[in-house]
Every structure is written in C-alpha cells, then in structure tokens.
Amino acid sequence: MSKEAYHKRREEDGLASRPQKRFYRQRAHANPFSDHELVYPSCPNEMDWSPYYPHFITPGQVPDPAKNGHESPAGSVDAAPPRMTANVEILDIGCGFGGLLMALSPLYPDTLMLGLEIRSKVSQFVRDLIQSSRLENPTSGAYQNVSCLRANAMKFLPNFFRKAQLSKIFICFPDPHFKARKHKARIVSATLNSEYAYILRPGGILYTITDVEDLHLWMVEHLDAHPSFERISKEEEEKDDCVRVMSTETEESKKVERNKGPKYVALFRRLEDPAW
Amino acid sequence: MRIPYNCVATHGDILFASRGGQIQSFKLQGGPALSTWSHPEADREAAASVELAKAGSGEIPQAARAESSTAEDERPAKRQRAEPGPEVETSAVPQKGEVGEKSGQKGKGNKRDDGAHPVSGRNPGSKQPDTHVIILLQASADGRHIIAVSGQDKTLWVFEHDGNGTLKESSRRPMPKRPSALSISPDGRAIVVGDKFGDTYALPLDAADSLSGETTSLLVKHHRDPNKPTANEHTVHSKINLRSLEMQHRALERREKDAVKEEPKPEEPAFEHALVLGHVSMLTGLLVREYRGRRYIITCDRDEHIRVTRYIPQNYVIESFCLGHKEFINSMAVSETNPEILVSGGGDDALFVWDWPTGTLLSKTDILSHARNVSDVQHVAVSKIIYSNVGIFVICEGIPAVFQWTLSEARTLNNCRTLRLPGNPLDILVSSSPEPSLLVAIDSVENEVPSSLLAYAPADKECTSWARSATSFDESAIEGSVLEVSTADVKKLFYAIEGLRKIRIQEEE
C-alpha cells in the first residue's frame with residue numbers, strides 16, 4: 001500500500017486503528033537552525049491546548065475576549081483560548097515515536113505531558129498513536145493526558161511554556177551531532193540550558209539518556225557547569241521510576257537493548273535562583 | 001559614488017559618523033570636520049576603488065588585490081559563497097550589514113540588475129577583496145571611548161576619545177562570529193556584544209582590565225580524545241556508517257603509526273571574553289539597563305523574541321520574555337524617564353510598547369499606515385528606534401522619513417509626526433547638547449543627493465517638528481580616499497533588514 005493510500009484509509013476509518021510506523025518514516029535529522037514551516041503561538045497565553053487535551057478543558061466556560069493577558073489593552077481582538085484545568089508539566093524534547101510518553105501516561109494520569117518533535121511525520125505518528133489509544137480506552141480516560149506537537153524546541157520553548165511551568169524535562173537519545181562543527185546543534189548547550197532553567201521550576205528535574213558516551217560527557221559537562229543545575233546522585237537516580245521507564249520504554253532504548261549497547265543516564269535538579 | 005555615511009554617534013557637541021571603513025568626527029555646531037580614523041585595510045581598498053572609478057572600467061589591479069588579502073594576518077577573510085539558490089538555509093539569511101563583494105563587480109557596466117547579481121567573478125572558493133564597512137558605532141556614556149565593529153573581519157574596535165574628536169585605537173578584537181548588536185554597561189567597564197549566531201559575550205572595555213570573577217561564562221571546554229572516534233559499533237548501524245567508522249579507525253591507526261600530531265586549532269580568541277547568554281537565532285538588538293537598582297541585559301532576535309536576562313554575574317538567569325511579535329525584531333529602545341518602558345519594532349506592521357521587567361505588552365501602534373503615506377510599500381522593516389526625552393523616533397528601511405511619537409499616560413504612542421527626508425535614512429540620532437538636534441545619515445547614492453549627513457533643528461519649542469539646520473558637515477574634509485560604490489553595492493551593504501523576514505516555504509518531507 002502506498003503512503004497516500006494508507007493515510008487516506010486511516011482518515012476514512014476514523015483513526016481508530018493503531019498507526020503503522022513504516023508509513024511515517026522520515027530521515028532522522030532536521031536542521032534546527034533553518035526556518036521550518038512551523039506553527040507556534042506568539043506567547044504562552046495564546047496557546048490553545050484544548051484540541052490536545054480535550055478532557056482537561058474547564059467545563060462550562062464562556063469565551064471572554066476581553067481577558068487575554070498579553071493581548072488585552074490595545075492589542076488584537078482574538079478570543080482567549082479555552083481555559084484548562086491543568087497545565088503541561090512534563091515535557092519530552094525530541095519525543096520521536098512517543099514510546100516514553102505512552103509509558104509515562106499511566107504513571108501520572110492527572111499530569112499533562114507533551115512531546116515535542118521537529119519531524120512533522122513523526123509527530124503526526126505520535127498524535128495518531130495517542131488518538132487510537134484514546135479510542136481503544138473510551139471510558140477509562142487513559143492517554144487523555146498525553147499529546148504531541150511539532151516544534152523546534154531549540155528556538156520556541158518560551159512561546160509554549162511560562163516561567164517555572166514544568167516539573168520534568170526529558171531529553172532521551174538526542175541527535176549526537178558527531179562532527180565538532182555541528183556541536184552547536186546539540187540540544188544540550190551552555191546557552192540553551194538557561195532556557196531549560198527558565199521553564200523548569202526550582203526542584204524540577206531534567207533527565208538525560210544517550211548511548212553515545214561522548215554526548216553523555218558533553219551533556220554532563222554543560223549541565224554541571226550551569227549554575228542553575230546540580231547533578232542528582234546515582235542512589236536517588238535509581239529510586240526514580242522515570243529512569244526505569246526512559247531506560248526501557250523509548251524506541252531508541254529498545255534498539256540499544258537489541259544491539260547490546262551501553263546506556264548513559266544523568267539527572268539534574270533545577271536549583272533556586274540566587275538572591276539578587 | 002562615494003559610499004554614504006551609515007552609522008552616527010555623539011558625545012557632547014562632537015559627532016562621529018562612519019563611512020565605509022572610516023570614522024570621521026565633526027563639531028556639531030557649524031559642522032567643521034575634526035579628525036578621521038581609517039581601518040588599515042579600508043584605506044588601501046578605497047584608494048583602489050577611486051582609481052578604478054577614474055579609469056571608468058576594468059578590473060581592480062591585481063597588485064592591490066593580492067596586497068589586501070595578504071594583509072589579513074589576523075583572521076582569514078570569509079570565503080564568498082556562490083549565489084545561494086532559492087532554497088532557504090541559515091547561511092542564506094541576509095545578515096544585518098551584510099557585506100557583499102565589492103570591487104570585483106565594479107565597472108562591469110550592468111548595474112540595473114534587481115537582485116540577480118552577476119555571478120561572474122564569484123566562483124565558489126575564489127577569494128574576493130573585502131569591503132571593510134563599520135556596521136556598529138557607539139560612544140560610551142562618558143564619551144571617553146568609542147566602540148566600532150567592522151563587518152567583514154568581524155572585529156570589535158575600541159578607541160580612546162580625547163574629547164576633541166580625535167580617536168586613538170586602544171584595542172582591536174576579532175570576534176568568533178560577526179557582531180550584530182552591542183551595548184556598553186552602565187558602569188562603562190564592559191562591552192556586551194551579540195552576534196549573528198545569537199551568542200552574546202561580555203568583554204572588558206579596556207583590554208587590560210578583567211571581568212573574570214564578575215561574569216559567569218557559560219562556555220564549557222569539551223574534553224574529548226581527538227584520537228578516538230565519537231561513534232562506535234553500538235551507535236551506528238547502517239552499512240555505510242559502519243564502513244566510514246571503520247575508515248576512521250584505520251586513518252587513526254595510520255596516523256599513530258606515522259606519529260602525526262594533529263595541530264590544535266586556535267578556536268577561541270586569545271582575549272578575555274565571557275559567553276553570557278545565547279539565542280538560537282540572529283541577535284538583532286542588545287541593551288544593558290538598570291531598573292530599581294538591578295541591571296539587566298535585554299536582547300532581541302530574528303525569531304520574534306525579546307529576552308530579559310540578569311546582568312553579570314547572574315547572566316544565566318532569564319527573568320522574562322516579552323512575547324507578541326509575529327515577525328523579526330530589529331530594534332529596541334528604552335525610555336530614560338520611564339525606565340520600565342521599552343519600544344520595539346522590526347518586520348511587524350506595528351511598534352510594540354512593553355513593560356519589560358515583567359514582560360507585559362502595554363500597547364501596539366501601527367506604523368505601516370504612516371509609512372504608506374510616504375512610500376508605496378507592503379511591509380515595513382524598522383531599522384532604528386530612538387527613545388529620547390523629546391520623543392520616540394523611528395526610521396524604516398527604504399522609507400525617506402523619520403516618524404516621531406510621544407508616549408501617552410495610557411502607555412500608547414500618540415501624535416505621529418512625519419518628517420520627510422531627501423533620501424533613505426541609514427541611521428539617526430537625537431542629540432540634546434548643546435541644543436536639541438536630529439542627525440540623519442542619508443543614502444546619498446541611491447537617492448543621488450549631494451550630502452549624506454544632515455542636521456535638523458526643532459521648529460517649535462516642543463520639538464515636534466523639525467527643519468534643516470544651518471549646520472552643514474564638511475564631508476569633503478575626510479582624510480584619505482573614500483570608497484567608491486555603485487547603487488547595487490549600496491543595496492547589498494545597507495538594505496539587508498527586509499531580508500530578515502522569514503520566507504515560509506513548503507518543505508519537502
């Protein structure tokens with residue numbers, strides 16, 4: 001079956017069947033510096049989360065165009081997006097095919113979690129996967145707390161999330177960008193870490209895992225050197241449920257398992273900002 | 001035509017104006033020329049261009065070319081790429097103050113091309129002579145220093161100013177990437193400079209001074225064994241990647257056998273520079289401001305973000321973002337009297353007024369309609385915003401006017417007044433001493449006007465309308481030759497802001 005025919009049929013069948021990965025394949029790399037055809041809100045207040053988490057829309061609200069935070073005084077007349085009963089608190093940066101999200105969803109059923117993926121087809125796969133999983137569990141409300149959207153996390157995180165909104169950020173098996181001149185494209189960098197610190201609340205945790213030792217050392221060096229983060233001890237790491245999930249449930253971790261490769265884990269706690 | 005002035009700065013009654021690779025100083029009253037500083041390579045370049053212009057046509061003498069390229073001992077000039085195709089990639093984004101090749105095209109006749117520049121002489125990899133144009137110029141608050149950036153060699157220059165217009169070079173620092181925005185700290189000790197890759201550094205203004213201990217440099221030296229490939233059999237799987245890994249191993253073995261030592265590349269500049277913050281986008285504006293006893297770095301970029309960061313040493317803490325722009329931002333200005341008010345503009349049809357310490361949008365004011373009263377345009381690209389005690393002054397790329405507003409009690413911009421200019425403004429400045437005056441650098445080439453530096457004096461007490469003042473600057477008194485340029489050169493050099501707009505193309509999957 002061709003890709004087109006597959007996607008057409010899925011649409012006609014109402015997206016109930018589980019999506020098949022082979023119809024969503026896309027090359028593994030995307031240039032984070034180029035201008036992609038991206039849709040993103042100009043600020044967090046403008047972000048409409050209701051299509052992503054329909055079970056978490058505040059019931060019985062009447063849209064109030066006057067209340068729109070940033071845009072209120074002399075700004076646009078756009079109606080504010082519907083209010084939600086919860087905010088996204090767990091973020092998976094570069095979620096790939098969504099294995100981590102699907103495994104985390106039942107662990108924190110009342111917490112909204114979001115995957116960001118720069119490859120459009122892959123993010124579409126995760127959305128289709130979530131949709132079919134929701135349809136398979138119509139009464140339990142399972143998987144209502146997960147979603148995925150296409151975004152460039154290196155550029156537009158503050159467009160989606162307010163200061164200190166998140167409690168956990170996952171960076172699992174990121175693109176290693178082996179060549180030295182591509183190191184600026186790595187998802188953990190000295191300057192980007194300040195942005196992770198901005199959206200992560202004090203006490204929140206940044207999780208990293210990779211099978212590339214050099215990248216692991218790179219991430220540890222850069223997060224260790226950043227005054228907003230401190231490394232979490234191995235003992236504490238082992239007690240964290242999320243570590244087990246990210247070491248076993250993501251697509252990449254399964255692949256590494258198959259190839260009997262190594263896995264390097266490092267967790268970092270967001271510290272309080274110093275007095276000023 | 002002689003290259004127009006493109007940057008202006010003042011201290012007291014001294015005006016500094018840059019033209020190509022030269023900085024000239026004038027007395028504001030009356031306009032007599034005081035002194036000239038020339039970029040060492042620019043002088044030679046300008047002389048060659050003048051000769052060429054005299055001859056009317058032909059190539060630049062080979063000797064001049066070779067000379068100017070070997071003189072680049074500090075840092076090799078960036079190789080010019082072949083004309084980029086229609087595909088959009090980061091390096092194809094026109095940079096602010098982008099310097100195209102110059103003399104190579106000179107005298108080739110065909111100057112009427114619109115955008116489609118002749119590719120001849122632009123063989124990929126072939127070294128082109130460089131145009132050393134000053135792209136940023138700023139005076140320190142006490143006027144004792146002038147900071148300039150020359151674009152082609154990415155160099156930050158610091159001059160001592162004797163108070164009478166004479167500049168003495170005190171340091172030159174070639175930066176890793178082309179600087180695109182800079183500001184001097186309120187205490188006058190640090191220069192904070194951002195580049196086209198979004199990285200922002202703090203440097204001691206006095207090269208002999210040191211800020212270490214006062215800055216938190218985020219730069220991390222990554223330690224890795226250069227004799228070991230980063231990938232291994234576990235991390236690469238495809239046949240082709242495994243083969244190249246094997247080849248890497250073999251190459252390393254060979255090198256080990258031959259005991260070839262790899263020369264460490266001098267990646268980092270030798271002078272003190274602390275990486276204080278970074279955007280993943282071209283930095284287009286940078287301010288260092290104090291509010292309620294605390295200092296902040298305010299930065300804006302091509303991706304619609306205005307970011308407020310604590311000043312050094314807590315430069316790793318982001319305080320807030322001012323979000324709401326839908327197009328690139330190109331200029332910001334903060335009020336002196338209302339230090340929490342910031343006005344920003346760029347590719348949007350409106351100017352935005354912010355309470356920047358909290359990141360709150362206070363109002364938006366349309367600018368496109370005012371621009372349309374002057375020129376027939378679809379968009380505006382704000383090139384500079386000045387927030388002076390007599391009003392907010394704004395210029396846009398290619399629109400021969402200065403727009404002036406006042407801030408109302410309700411924090412909106414009111415009473416737009418339009419001052420029409422004889423040509424497109426490249427830079428403006430509002431000086432308050434000895435008396436209020438508005439100084440404009442005009443594109444004299446595109447608009448074929450005799451002078452490139454104009455002074456306006458207020459025509460009323462409130463400084464709401466302006467008229468050409470009696471001051472005329474003695475532009476001919478420049479020492480040395482002035483670079484000769486064509487209209488096409490000027491377009492490439494000074495009209496790059498609209499090019500910051502994103503072209504949202506359909507992607508191939």
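Which residues is A:Asn152 in contact with, leaving aside its neighbours within four places in sequence? They are A:Pro32, A:Leu38 and A:Ile118. The model behind this report is predicted.

## Annotated positions in chain A

An unreviewed UniProt entry lists A:Asn152 under "binding site". The same listing includes A:Ile118, A:Cys172 and A:Thr250. The annotation may be inferred rather than shown by experiment.

A:Asn152 sits in the loop between β3 (146-150) and α4 (153-160) of chain A. Its relative accessible area is 3%, so A:Asn152 is buried. A polar atom of its side chain lies 3.0 Å from the backbone nitrogen of A:Met154. A:Ile118, one of its contacts, is also on the UniProt list.

A:Thr250 is in another loop, between α8 (241-248) and α9 (251-258) of chain A. Is A:Thr250 buried or exposed? A:Thr250 is buried, because its relative accessible area is 8%, under the 20% cut-off. Beyond four places in sequence, A:Thr250 is in contact with A:Gly99, A:Leu100, A:Cys172, A:Phe173 and A:Val245. Of these contacts, A:Cys172 is a listed UniProt position too.

## Chain A as a whole

Chain A has nine helices and seven strands. Chain A holds 276 residues, and 54% of them are buried. Take the contacts in chain A between residues at least 6 apart in sequence: 78% of them join residues at least 24 apart.

## The interface of chains A and B

How many residues of chain A are in contact with chain B? The count is 58, and they meet 55 residues of chain B. The area buried between the two chains is about 4,900 Å². Carbon and sulfur atoms give 54% of that area.

Five salt bridges are found across the interface. A:Glu195 and B:Arg307 form a salt bridge through their side chains, at 3.3 Å from N to O. There are also 13 residue pairs in polar contact across the interface, both residues at pLDDT 80 or more. On the side of chain A that touches chain B, α3 (120-136), α4, α5 (192-199) and α6 (213-225) each supply at least two residues. The largest share of that side comes from α6(A), with seven residues.

## A buried acid in chain B

B:Asp195 lies in strand β10 (residues 190-195) of chain B. B:Asp195 is buried but has no salt bridge. Where is the nearest side chain of opposite charge? It belongs to A:Lys184, in the other chain, 6.4 Å away. The salt-bridge cut-off is 4 Å, so a distance beyond that does not qualify.

The side chain of B:Asp195 does have a polar atom 2.8 Å from the backbone nitrogen of B:Phe197. Not counting residues up to four places away in sequence, B:Asp195 touches B:Lys177, B:Arg178, B:Pro179, B:Ser180, B:Tyr201, B:Met282 and B:Leu283.

## Backbone details

A:His177 has a positive phi of about 40 degrees, although it is not a glycine. A:His177 is in the loop between β4 (166-172) and α5 of chain A. Its relative accessibility is 15%, so A:His177 counts as buried.

B:Asn415 is not a glycine either, and has a positive phi of about 50 degrees. B:Asn415 is placed in strand β24 (residues 413-420) of chain B. B:Asn415 counts as exposed because its relative accessibility is 57%.

Chain B also has a cis peptide bond, from B:Ile312 to B:Pro313, with omega near 10 degrees. B:Pro313 lies in the loop between β15 (305-310) and β16 (318-323).

Key
Residues are numbered from 1 along each chain as its sequence is written. Chains are lettered from A and ligands numbered from 1 in the order in which they are written. This is a predicted model: local features need pLDDT of at least 70, side-chain atom pairs count only at pLDDT 80 or more; totals for chains, interfaces and linings use all residues. Side-chain values use heavy atoms; hydrogens and water are left out. Helices (H or I, at least four residues) and strands (E, at least two) are DSSP runs, numbered from the N terminus. Buried means under 20% relative accessible area, exposed over 50%, partly exposed in between (1.4 Å probe, protein chains only). Lys and Arg count as positive and Asp and Glu as negative; His and the chain ends are not counted. A polar contact is a pair of N or O atoms within 3.5 Å; within protein, one must be able to donate a hydrogen and the other to accept it, and residues adjacent in sequence count only if both atoms are side-chain atoms. Contact means heavy atoms within 4.5 Å. Buried area is the accessible area (1.4 Å probe) that two parts lose on being put together, summed over both.
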